[in-house]
Amino acid sequence: MDYFKQFYTDVSTGIHRSDTEEFFAKEAAEKLFHLGRGRNILDFGCGSADLTVYYCRVFDDVVGVDFSENMLDHARLRAEQQSVANLALIQADNETVWTRVGDRKFDVVTSSGVVQYLSPEDIDRFTREALRRLSPDGVIVHFDIPDPRIYFLTRLGFMRPRPWRWTDLPDTLVRFGKLIARRGIDAIRRHPTDIMGYQHHPSVFSGIGASNRLRIDIVSSVYYDYRYHVMMRRADPADESRPDHG
């Protein structure tokens, strides 16, 4: 994760498709639909609280966590501008977050555009620790995870508005060569060199769900065509008896 920490050290706001308040409101509405309702929520990787302030309108107690003090400074300013009083901000990363939050319990643990910067092993550890702080009916929701299958097609140019043409072949081949070279570099260095992160296949989360006895729901993002969301809940005993469980 050091590469991504270095990238975000001097960044002061989250990376969104649009930086207007209107877009933040729409994106937050989609996420709140999946988050459901509860009293306490932990927003891991809250950044400058672009979306977190909207969570504060629904949940009584909101904890925003980010490793970047620069991001948190902007989150404090945004909370003040939005007259938000129920947001506590903590500086931590995936290795220190649970020590910093202490014995607090949460109905929801969420992140947006974050877990692609963690390895599958990191995500599994994060999940296990989150479950210890999660209420019995709580949910872990990871938003906006890049889907390697769709992102691959996007980078090759197949997802542009107009249809692909044979005249696009040279450009497609160049893009393909660059992607393969980057994947090779990633494999050698054992961490991604692209800001899109690990681009976990959805099966990664299915595996984590099975090992932690969780029910996993995966849906596509509304506002980011090559991303998906993952909802993780403790499995109902009745679910475990079904042949397709996990």
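**Figure 1. Strand β4 and its parallel neighbours.** Strand β1 (residues 40–44) runs parallel to β4, and the two are held in register by four bridges. This is a predicted model, so read every close-up here with that in mind. One spot to look for in the β1 pairing: Ile41 has Val108 of β4 as its bridge partner. β4 also pairs with strand β5 (residues 134–146), again in the parallel sense, this time over six bridges. There, Phe106 is matched with Leu134 of β5. To get from β4 to β5 the chain passes through helix α6 (residues 120–133), making a right-handed β-α-β crossover. Is β4 enclosed or open? Five of its seven residues (106–112) are buried, so the strand is largely enclosed by the rest of the structure.

**Figure 2. Arg78 and its salt bridge to Glu21.** Arg78 sits in helix α4 (residues 69–81). With a relative accessibility of 9%, this arginine counts as buried, because the cut-off for that label is under 20%. Which residues does Arg78 touch, leaving aside those up to four places away in sequence? The contacts are Glu21, Phe24, Ser48, Ala49, Asp50, Val53 and Tyr54. Glu21 is the salt-bridge partner, with the closest N and O atoms 2.7 Å apart. The pair ties together distant parts of the chain: Glu21 belongs to helix α2 (residues 21–35) and Arg78 to helix α4, 57 residues apart. The two ends of the bridge get different labels, since Glu21 is partly exposed at 33% relative accessibility while Arg78 is buried at 9%.

**Figure 3. Two salt bridges along helix α6.** Back to the crossover helix, now for its charged side chains. Arg125 and Asp122 meet in a salt bridge, at 2.5 Å from N to O. They are three residues apart in α6, which means about one helical turn separates them. Arg125 is partly exposed at 49% relative accessibility, whereas Asp122 counts as buried at 18%. Further along the view are Glu129 and Arg132, whose side chains form a salt bridge of 2.7 Å, N to O. This pair also lies in α6 with a spacing of three residues, about one turn of the helix. Glu129 is partly exposed, with 23% relative accessible area, and Arg132 counts as exposed at 54%.

**Figure 4. A salt-bridge network of three residues.** Which residues make up the network? Glu27, Lys31 and Asp144 are linked by salt bridges. As a reminder of the basic idea, side chains of opposite charge can pair when their charged atoms come close. Searching the whole structure turns up 13 salt bridges.

**Figure 5. A nonpolar patch on the surface.** Leu153, Phe158 and Met159 form this patch, and together they have about 250 Å² of accessible area. Leu153 is placed in helix α7 (residues 148–156). At 36% relative accessibility, Leu153 counts as partly exposed.

**Figure 6. Zooming out for context.** The protein has 10 helices and seven strands. Of its 246 residues, 47% count as buried. The accessible surface comes to about 12700 Å², and carbon and sulfur atoms account for 53% of that. How far along the sequence do contacts reach? Among contacts between residues at least 6 apart in sequence, 69% join residues at least 24 apart.

Terms used: Residues numbered from 1 in each chain as written. Predicted model: local features only at pLDDT ≥ 70, side-chain atom pairs only at ≥ 80, totals over all residues. Heavy atoms only, no water. Patch = residues over 30% accessible without salt bridge, like charges linked within 9 Å, V, L, I, M, F, W, Y side chains within 5 Å. Areas by Shrake-Rupley, 256 points an atom, 1.4 Å probe, with all protein chains shown as cover. Salt bridge = Lys/Arg side-chain N within 4 Å of Asp/Glu carboxyl O. Buried < 20%, exposed > 50% of the residue type's maximum accessible area, 1.4 Å probe, protein only. Pairing = 2+ DSSP bridges. Right-handed = clockwise from strand over helix to strand, strands pointing away. Contact = heavy atoms within 4.5 Å.
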